[in-house]
Amino acid sequence: MNFFRQCLILISSILISLLTFVGISNADGHKGFKLGVVTFLSGPAAEPFGVPAWNGGKLFIKLLNEGKVPAPYNKKGFGGMKITAIPIDESGGATKQVQEFRNLVQRDKVDAVLGYVSSGDCMAIPSVADELKALTVLYDCGTPRVFEDASYKYVFRTAAHAAMDNIAIAKYLIEKGHDISSIAGINQNYAWGKDSWKDFSVSVKKLSPSSEIKNELFPKIFSGQYGTEISALMNSKAKVVHSSLWGGDLQSFILQAKPRGLFKRTQVVFSAGDHVMPGLGNKYPEGVILGARGQYGMMAPDTELNKWFYKSYMDEYGVFPAQPPYRMVQGLMGLKMAIEKAMEKNGGKKPNKDEIAAAFKGLEFDSPGGLVQMKLGDGHQAIQPHAIGTTVKDKDGNITVTDIVRYKASCVNPPNGIKAVDWINAGFPGADC
Amino acid sequence: MSEKLYNNLLFQSIFLMSFLILVGLLIPNWLVFVITKAIAYGLVGLGIITLMRGGLVSFGQGFVFGIGGYTAGLLGTQAGLTDAMLLLFVSFLFTGLVGLIIAPLLARYRDIFFAMLSLAFSMVLYGILIKIDAIGGSDGFVLPESTYFGIKPSSEYADYVLYVVAIIMTGFISILLRYYYDSTPGLIALAVRENELRVEYLGSSAFNVAVLNFTIAAGLGGMGGALNGIALGHIDPEFTYWTTSGEFVFISILAGYLSVPAVFLAALLLELVRSFSGRYFPDTWQLILGLFLILSIIFIPSGIGSFFKQFFDRLKKSK
């Protein structure tokens, strides 16, 4: 009977792997500020979204560590502490992300985690973050439900949620006199797609009660093939087609729908449409109404901070920054300001997560995309100004954005304590435009 | 006498279990968590191995893994049942029952037909789960924190308590399985694997063996799914996706069907390789994982269990 010996082998292998791995993970000491960064590094969302976001983040962290960022971000690193970033791939689904998150917090003992593009991940991570008491900054994901359905102590989102994108597009369509008598939508079948469509269709109904919904399509996320959906949209003859597709899905959709003439036949609106522009270049269709989920890229405001960021990114990577790098930098700026605010209070020591969380609540900071205010979800959820535009070919044949309308943050975001959908249904009470 | 005690399965297992429970106090929290996850995956792998002994491989264990996970999750969120041990046990029974219901259909098929049919079941479940918005659709949902006999451990110890529960429950299941493997029906499974026709001529039913093994595999898979869900605190339809099922097949191939502890070792290895390649090679972790799978199939084709066996056979000879 060799069972006992097998057990001994099992035990010793566990011990050996344990010693090696504990050795590895404790090798780097605990100076400075350790930051876990989670974004798509593989899969269909990597090339148009995750990688540019991380490129922006990497560049910004490098410049921060060298102290080369203009005021008010001119302190080195985070309040003088050198930032060490640990990038992690976001692909693989929410369950895998929960595990990666635990690894970052428990094994790498990071001081904070900045991450998450997918709304599915943003729904899964916060409860674990609070359970492990880990400071977490959601930098991009859109579903309004994160802080509407629950509240968390250590979780913050430094970007506005998706309600703003869809409310602003509905307003834009009406202001510019587009025909919205019938609408159709193609959105991914998960939190982001469903919430985006709900916010858009309800907003349109509210602003123009006579408009009818022709078609609601919900393909699976990352499905990449939209032949049947495009046929359905063409047949529905809706005046406006709304889509919150993003990343590789949006690229595929554009490339498959353009030759079939969808963009010529109907007015297409993309609630997050700019981040595939660097990749598609002149293949991007004309006459599309798009948002960038904030004043980013070609719709960025003309401020010193934005000029500095636009130029730094352009010089480093040779393409203009679209939504993703703006978003990640916005998250890093928020975290930096919260840390430095906490350090002012505690006399310059490295603040703990409770001190940072307290400082983060209700924080306001300038970003390349405008003023970010942590106003919703009791100071955990940001609002920010927004811009919507229409694509057009300029005289050199390059696709660019014109007809830009800017919206105040308080015009397209609900006030604190009211759910986005309820606010839309109530007819946007208290909107300050 | 001492020699006998030494060789007693129960004694050995209890010794191993108490050792692992003690080790759990010394190792860092993340490793406790990784081992708990490995136990969950190992349980499903154990189910596949039970099937493999009868000559069947299921490509759709994600089906039972998902049912187990969703059973535990829904009982937790809808019925307010948060006792981890109870959830594990109920998931085990319920998934076993589901297994028993579909087993007669599956047990009529062999080889690739069995594998593909089981895969079909898991993908149908996947398709259904992503469409049900009431339970989160493709986002899945968050499980409430678990309790043990009505007590909710503080967050520092929650991982460890679950680890202990997992080790104890899995330990006893492993013992029972070892007895089952060495029992008459367990050995008939091996005979079915060798020559099904002859087994039938000798008066045993290969069909019954397949049904029994599938039911056991389903129960184990359900418990694994529940444990995985409870450990992570989140469940999504990815549990039933074919890539998840593929991982279970890989674990059982890596382990081989000769040894019970080898399954858990294989699951732990896979888990560690995956999590460290993700940490140190964030851009190319799939490549590292793939290389690991290829290398382990080339160098240990009949599994870690066989590697153990060879080693000890040689040791005996040299004595």
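Me: What angle does helix H7 of chain A make with strand E6, and how is such an angle defined?
Reply: H7 (residues 191-207) runs at about 175 degrees to E6(A) (182-186), and lies across E6, E7 and strand E8 (240-243) of chain A. Angles go from 0 to 180 degrees between N-to-C directions, with axes fitted to C-alpha atoms, for helices over the stretch in contact. Helices (H or I, at least four residues) and strands (E, at least two) are DSSP runs numbered from the N terminus.

By the way, this is a predicted model: local features need pLDDT of at least 70, side-chain atom pairs need 80 or more, and totals for chains, interfaces and linings use all residues. Residues are numbered from 1 along each chain, with chains lettered from A and ligands numbered from 1 as written.

Me: How do you know that E10 and E14 of chain A pair?
Reply: Pairing takes at least two DSSP bridges, and E10 (residues 289-291) and E14 (residues 386-393) have three, in the antiparallel sense. Leu290(A), for one, is bridged to Gly389(A).

Me: What makes E7 and E15 of chain A edge strands?
Reply: Each pairs on one side only. They end the order E7-E6-E8-E9-E10-E14-E15 in an open, mixed sheet of seven strands.

Me: Why is H8(B) called roughly perpendicular to H10(B)?
Reply: Their axes come within 10 Å and cross at roughly 115 degrees. That makes them roughly perpendicular, a label for 65 to 115 degrees (under 35 is roughly parallel, over 145 roughly antiparallel, the rest oblique). Contact means C-beta atoms, placed from the backbone, within 7 Å; Ile188(B) of H8(B) and Leu212(B) of H10(B) are among the residues making it.

Key
Two residues are in contact if their C-beta atoms, placed from the backbone, lie within 7 Å.
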